[in-house]
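Thank you all for coming. I would like to take a few minutes to walk through one model with you, beginning with how its parts are arranged and ending with the spaces between them.

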Amino acid sequence: MDLIKYCILLLQETNQVTLPSFGKFELKFNSVREDKETNQLLPPSYSLSFTQQHNLNDIALASIIAELNSIDVEKAKDFVYQTVKEWKKILKSEPYLTIENLGTFTAEKEKIIFSLNEKSFVTYKNFGLLPL
């Protein structure tokens, strides 16, 4: 199973997904806005934000995994926790962790920083309009 596939599905359906003991992603719609520095109008777009939180215990992700794979919710929760545990282990030993179709995580002491990559699913939700 690919955890990110289910995260993306949940983000598209509910605009948010929580990874217990890791953090929460939120998909936000940005309407047309003006960039005061360049004096341009920026087209509508989507952005993805990440908030690191250690005490989250949302089971929405495990529930959707269980439903789509016809497995027990507890088994799905274990899968989520194991994947998150692996990610944390990688971040302790490597400078960064890149997740395809999402972005890159870097760890600075106890803080996890997320940056969106160019091939993220979010960029495909954007409207392809150029700034004016």
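Let me start with a question: which strands does helix α1 lie across, and at about what angle does the helix run to β1? Please keep in mind as we look that this is a predicted model. Helix α1, which covers residues 3-14, lies across β1, β2 and β5, and its direction makes an angle of about 140° with that of β1.

Those strands belong to an open sheet of three, in the order β1-β2-β5, and the pairing within the sheet is antiparallel. The edges are formed by β1, residues 16-19, and by β5, residues 45-52, each of which pairs on one side only. If we ignore direction, neighbouring strands in this sheet are turned against each other by 20° on average. Strand β2, residues 23-30, runs antiparallel to β5 and is joined to it by eight bridges; if you want a place to look along that pairing, Lys-28 stands opposite Ser-47 in β5.

Let me go back to the helix and pick out a single residue, Leu-10, which lies in α1. Is Leu-10 buried or exposed? Its relative accessibility is 6%, and because buried means under 20%, Leu-10 counts as buried. Setting aside residues up to four places away in sequence, Leu-10 touches Asn-15, Gln-16 and Val-17, and also Ala-60, Leu-61 and Ile-64. Of these contacts I would single out Leu-61, which is 51 residues away from Leu-10 along the chain, while the C-alpha atoms of the two are separated by 7.1 Å.

From there I would like to turn to the enclosed space. How many cavities of 30 Å³ or more does a search of the whole structure find? The search finds one, and the space in this largest cavity comes to about 50 Å³. Its lining consists of 10 residues, and those nearest the centre are Pro-20, Asp-58, Ala-62, Lys-77 and Val-80. Helices α2, residues 60-69, and α3, residues 73-93, each give at least two residues to that lining, with α3 providing the largest share, namely three residues. Sorted by class, the cavity lining comprises six nonpolar, two polar and two charged residues.

Now to the open space, where the largest pocket holds about 220 Å³. Eleven residues would be a long list to read aloud, so let me give the five of the 11 lining residues that lie nearest the pocket centre: Lys-88, Lys-92, Lys-109, Glu-110 and Ile-112. The elements that contribute two or more residues to this lining are α3, β7, which is 103-108, and β8, which is 111-116, and here too the largest share, three residues, comes from α3. By class, the lining of the largest pocket divides into six charged, three nonpolar and two polar residues.

Finally, a word on the two strands that take part in that lining. β7 and β8 pair in the antiparallel sense over six bridges, and Glu-108 stands opposite Lys-111 in β8. Together the strands form a hairpin with two residues between them, and in the turn Lys-109 has a positive phi of about 60°. Lys-109 is also one of the residues that lie nearest the centre of the largest pocket, which is where I will stop.

Technical notes: Residues are numbered from 1 along each chain as its sequence is written. This is a predicted model: local features need pLDDT of at least 70, side-chain atom pairs count only at pLDDT 80 or more; totals for chains, interfaces and linings use all residues. Side-chain values use heavy atoms; hydrogens and water are left out. Two strands pair if DSSP finds at least two bridges between them. Helices (H or I, at least four residues) and strands (E, at least two) are DSSP runs, numbered from the N terminus. Axes are lines fitted to C-alpha atoms, for helices over the stretch in contact, and angles run from 0 to 180 degrees between N-to-C directions. Contact means heavy atoms within 4.5 Å. On a 1 Å grid over the protein atoms alone, a cavity is a set of points where a 1.4 Å probe fits but cannot get out, and a pocket is an open set with protein on both sides within 12 Å along at least five of seven lines; lining residues have an atom within 4 Å of a point. Grid points are joined across faces, edges and corners, and a volume is the space filled by probe spheres set on the points. Ala, Val, Leu, Ile, Met, Phe, Trp, Tyr, Cys and Pro count as nonpolar, Asp, Glu, Lys and Arg as charged, and the others, Gly among them, as polar. Buried means under 20% relative accessible area, exposed over 50%, partly exposed in between (1.4 Å probe, protein chains only).
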